[in-house]
Every structure is written in structure tokens, then in C-alpha cells.
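Visitor: Please take one part of this model and go through it closely, strand by strand. Then set that part in its surroundings.

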Amino acid sequence: MDLTVKLKRSYSLLYLVEKYLQPFQLSPETLQEVSARLRKDLLRGLGKHSHHKAPVKMLPTFVRATPDGTEKGDFLALDLGGTNFRVLHVRVEEEAQKVLKMDSQICAIPQEMMLGTGEQLFDHIATCLGDFLESHNLKCQTLPLGFTFSFPCEQLEIDKSILIRWTKGFNCSGVEGKDVVQLLKEAIQRTGDYHIGSVAMVNDTVGTMMSCGYKDQSCEIGMIIGTGTNACYMEEIKNVKRIEGEDGRMCINTEWGGFGDDGSLDDILTEFDVEVDKTSINPGVHIFEKMISGMYLGEIVRLVLVKMTKDKLLFKGQISEALGTSGRFETKFISEIEDGLENAKKILTELGLDWGLVDASVVCLVCDTISSRSAYLCAAALATLVNRIRNNRKLDHLKTTVGVDGTVYRKHPTFSSKLQKAVRLLAPQCDITFLVSEDGSGKGAAMVTAVAQRLAHQSRLLEESDGEDDDDEEEEEGQ
């Protein structure tokens, strides 16, 4: 075939492909509008009377400070969020400014226990925790515990958290509506052969922020972009209307995955986003998360490729069984494909597709467009948080650090650089450093406990000091 004809066909194909991808390409103005809409939702979530119906929940965590570098000591961490749970022994070293994982152990939760009674589950956890302490010669110590419990809870204090509902295949009786910290303590008491100190409940996003915060004390935001997405940040307590108090700050778990659940993002949803939501296990819920997180990105790409193939733009119009099957185009393929054309060819072959070089190039373009949208939407949401912190403190310029975790951020070849570049444009008065978290649900949980312990110690010292002052005043009056 004549080269000119080939080129004309390629240009014609690229023009048609661009028409498919145009709805995913968000202008800086659109991203600024998304950021402004999220800002309104943050306020609704913080409001005393509006938070019940707010799509962005803005949950108080009762974490009232970030690390200041003086924390030290040995801590336990318990990470429960699936069919296994982890027990960890963590040491915080002030001199070296390090959080060290000394030992850890994974314990399985049998399927029948996931559907049994709450007492059976917590007895099993308490027994495994006791076995860990025994095997590491820690039973004679009474160590504080950080408890990462990754199920929907309403947190009432740092050590009081009410389970709203079970998810992830759990349905233990007698736990919903109860304080999970109390259930754990009661189970430990039933074992009768060891004790734990204070307990701090930890959300995994908060753990991400806190695990980075010991290394960098300017870290006041935690962000996860992996299977799901979420973020937390330090808010002024006077703005958290459902909490009493005016002074200080509190970490707020935004639950920003629910942004758009009230229809506020409908104008930027594509037909493919609508399809992903409709066929998900929770239609109408976590719209923002479905546009950007690892659980859904691969399926969005698959749906775009299927439509292009049906319209005879790709693969000679032939959809393979794999491409036609929901969930078969994995999100990790996006990272691999964008890492090089050879990877694209290999993956397309594995998916049983009859591809040519142009097909492989178009697939690379589709993956890049959809992962870029994810990075830019995350940047818009993050810009909302850093701009809010700056405005809260009435600063002309904010210097802050974001602790980050999640496979999409870690593994994708260009995601992090695109996000960082976009957030600089959307928050020009903020100088943001990004720090990848090391084990937020383990080390971070211990760090939350360490900070809570430091604050409690400082509070006791203050009370003692006030008591001495009162005694002095009484003596003066007596004289």
C-alpha cells in the first residue's frame, strides 16, 4: 500500500480515537471547578447539621497532633482489614528519628469465624496477640496498642469506635453498633494472662500521614491512591462543628471517595464511568473513587477498547473472549503498557487479540489518557486540601508535606509526576513535598499511639503544674 494512503488512514484513525478520548481530557479550568465543588462538600461534611447528608463524610479521627520528633518507646500494632490480620512490635527511636518494625506475624481468620459470633472473632484475635507476645518475650510488658480496623466506623474518641456495618465478607454477630476497642479489651481480659496499655484506633489514611510525620514534621496530609482512594488532613478544631472545642487541630478523615455521590460530578462523567458504576456492587456510591482508583481503571480502559473494536477502529473489529469479559483487563496492565510498547504487544497477545502496530499504539494512548485523568482529578482534590490549610492559617504561602501510599501512586510510571505537576498549577501558593509511606497501617498505627501517649503525658504535667500553682495561691492567701 502507498505510504501516503497509510498515513492518511493513520491520521483518520487518530482523529476518530481522539473523539472517543476527548471526554476524559479535563482542562485546567474544569479541574479548578472540580476543586471548588469539593471545597463546598468539605464544608458540608464539617457542618453540625449538614454532615449527615454530606457525600464527603469528613470524619473526626480524634488524632489531635502530628509527631513532633520527641516520641519514643515500644508499641504494638494490630492491623485487621481482611481474611488475615497482622500483629506488629514497633519501636520508635527519638535519637535516630526512626520507626522500626521489630517483629510481625500474620494470623489467618477462618471463613467460618468471619460469619460466626463477635466473641469468637475477638477471642481469636486476643489469643493470636497473646501467642505473638509469648514468642517474642513481650508478655511481661504492658505496651500501648495501635489498632487499624478497616471497616466503616463512627469514631467517638481516640479509643472508642463504633462499627457501623461489616464489609469484605465479614458478618460476625453482636459487633455492629458496638465499640470494637471494648470488645477487644474484653477478649484480652478473658485470656487472663497478659495486659495491654492504652489503645488508639487508626484509619489507614491517618496511619499513612503519621508514618511519614515522624520523618518529616511538616507532614499534615495523608493520601492513598491504590485499590481505593482517600485522604486525611489536619483541620482547625473550631471548624469541626460536631466536636466541642475551639483550640488546636484534629485530623479529619475526608472519605473523599464519596465525592460526586450527590450528582455533583455528573457533567464530567463519561458513558464508560456510568457503565462501571452501574455494574459495580455499590451503584451510586463512591463515584469519585470509581473514576480514579485501581479497582476501576482497568475496567474503564476495557470498556473504551471494546467500543472502539465494535466500531471497527481496533483489532479488525474482532473482540476476543478475554477483552469481552468484565474485569479481565487489569489495572496493572495500564502501568505495564505505559512503561513500553513491547509490554503492550505482549499483553494484547495474552488477551487473544489480533493486533497490529497501530492497534498497540492506540491502546497505549487510551491507557495514558485514562490514567492521566485519574492523576489530574487526584491533584484537584489534593489542591482543595492544601489550599484549605493555607486559608485556615491565613498564610500567603504554605509549605507542607503529603504522605502517600497505594499501588497506583507507587507502581504507575508517570502517575506521581503528573499529579505533582498538576497540583502545583492548582495550588500555586503551596510548596508541597511528597513522601511515600512505609507501612502506614503498622508503623503509622504505632505512631498514632505514640503521639496520643505524648499528649496525655503533657496534659498530666500541665494539670500537676496547675495544681502546684493553686497550692501556692492558697499559701499566699493564708499568709
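**The E2-E3-E4 hairpins and what lies around them**

Guide: E2 and E3 are joined by a hairpin of 3 residues; strands and helices here are DSSP runs numbered from the N terminus, with at least two residues for a strand (E) and at least four for a helix (H or I). The model is predicted, and local features are given only at pLDDT of at least 70 and side-chain atom pairs only at pLDDT 80 or more, while totals for chains, interfaces and linings use all residues. Residues are numbered from 1 along each chain as its sequence is written, and side-chain values use heavy atoms, leaving out hydrogens and water.

E2 and E3 run antiparallel and are joined by 8 bridges; strands count as paired if DSSP finds at least two bridges between them. One of the bridge partners in E3 is Arg91, which is matched with Asp74. On to the next strand: E3 and E4 also pair in the antiparallel sense, over 10 bridges. Asp103 in E4 is the bridge partner of His89. The hairpin of E3 and E4 has 4 residues between the strands, and Gln97 in this turn has a positive phi of about 50°.

Of the 10 residues of E3, 7 are buried, so the strand is largely enclosed by the rest of the structure. Buried means under 20% relative accessible area, exposed over 50%, and partly exposed in between, with a 1.4 Å probe and protein chains only.

Helix H4 (residues 118-135) is part of this neighbourhood: strand E2 (73-80), strand E3 (84-93) and strand E4 (98-108) are among the elements that cover its buried residues, along with helix H3 (111-114) and H5. The buried residues of H4 include Leu121, Phe122, Ile125, Leu129, Phe132 and Leu133, as well as His124 and Cys128. The end C-alpha atoms of H4 are 26 Å apart, which agrees with the 26 Å that its 18 residues should span at 1.5 Å a residue; the expected span is 1.5 Å times one less than the number of residues. H4 is followed by Asn137, with a positive phi near 55°.

Two nonpolar cores come next, a core being a set of buried Ala, Val, Leu, Ile, Met, Phe, Trp, Tyr and Cys residues joined through side-chain atoms within 4.5 Å. The largest has 77 residues, of which Met223, Leu377, Leu382, Leu419 and Phe434 touch the most other members. Its largest share, 11 residues, comes from H12. Apart from this core lies another, of 39 residues, among them Val87, Leu121, Phe132 and Leu143. In soluble globular proteins, nonpolar side chains tend to be buried together.

In the largest core, Phe434 touches Met223, Leu382, Val402, Val404, Tyr409, Leu419, Gln420 and Val423, not counting residues up to four places away in sequence; contact means heavy atoms within 4.5 Å. Helix H2 (residues 28-46) packs its buried residues against strand E10 (229-236), E11, helix H12 (357-392) and helix H14 (415-426). Those buried residues include Leu31, Val34, Leu38, Leu42 and Leu46.

Aromatic rings add a further kind of link. Rings of Phe, Tyr and Trp (its six-membered ring) pair if their centres lie within 6.5 Å; planes under 30 degrees apart count as stacked, over 60 as edge-to-face and the rest as tilted. This rule gives 11 aromatic pairs. In one of them, Phe151 and Trp166 are edge-to-face, 5.0 Å centre to centre with 80° between the planes. Phe151 lies in the loop between strand E5 (145-149) and strand E6 (153-157), and Trp166 in the loop between strand E7 (160-163) and helix H5 (180-191), so this pair ties together parts that are 15 residues apart in sequence. Phe151 and Trp166 are both buried. One aromatic cluster takes in Phe147, Phe149, Phe151, Trp166 and Phe170.

For the wider frame, UniProt lists residues 17-214 as "domain: Hexokinase N-terminal" in an unreviewed entry; its positions are given in the numbering used here, feature names are shortened, and annotations may be inferred rather than shown by experiment. That span is 34% helix and 25% strand, and its end C-alpha atoms lie 47 Å apart. The unreviewed UniProt entry places "domain: Hexokinase C-terminal" at residues 220-451. Residues 220-451 are 49% helix and 15% strand, with end C-alpha atoms 14 Å apart.
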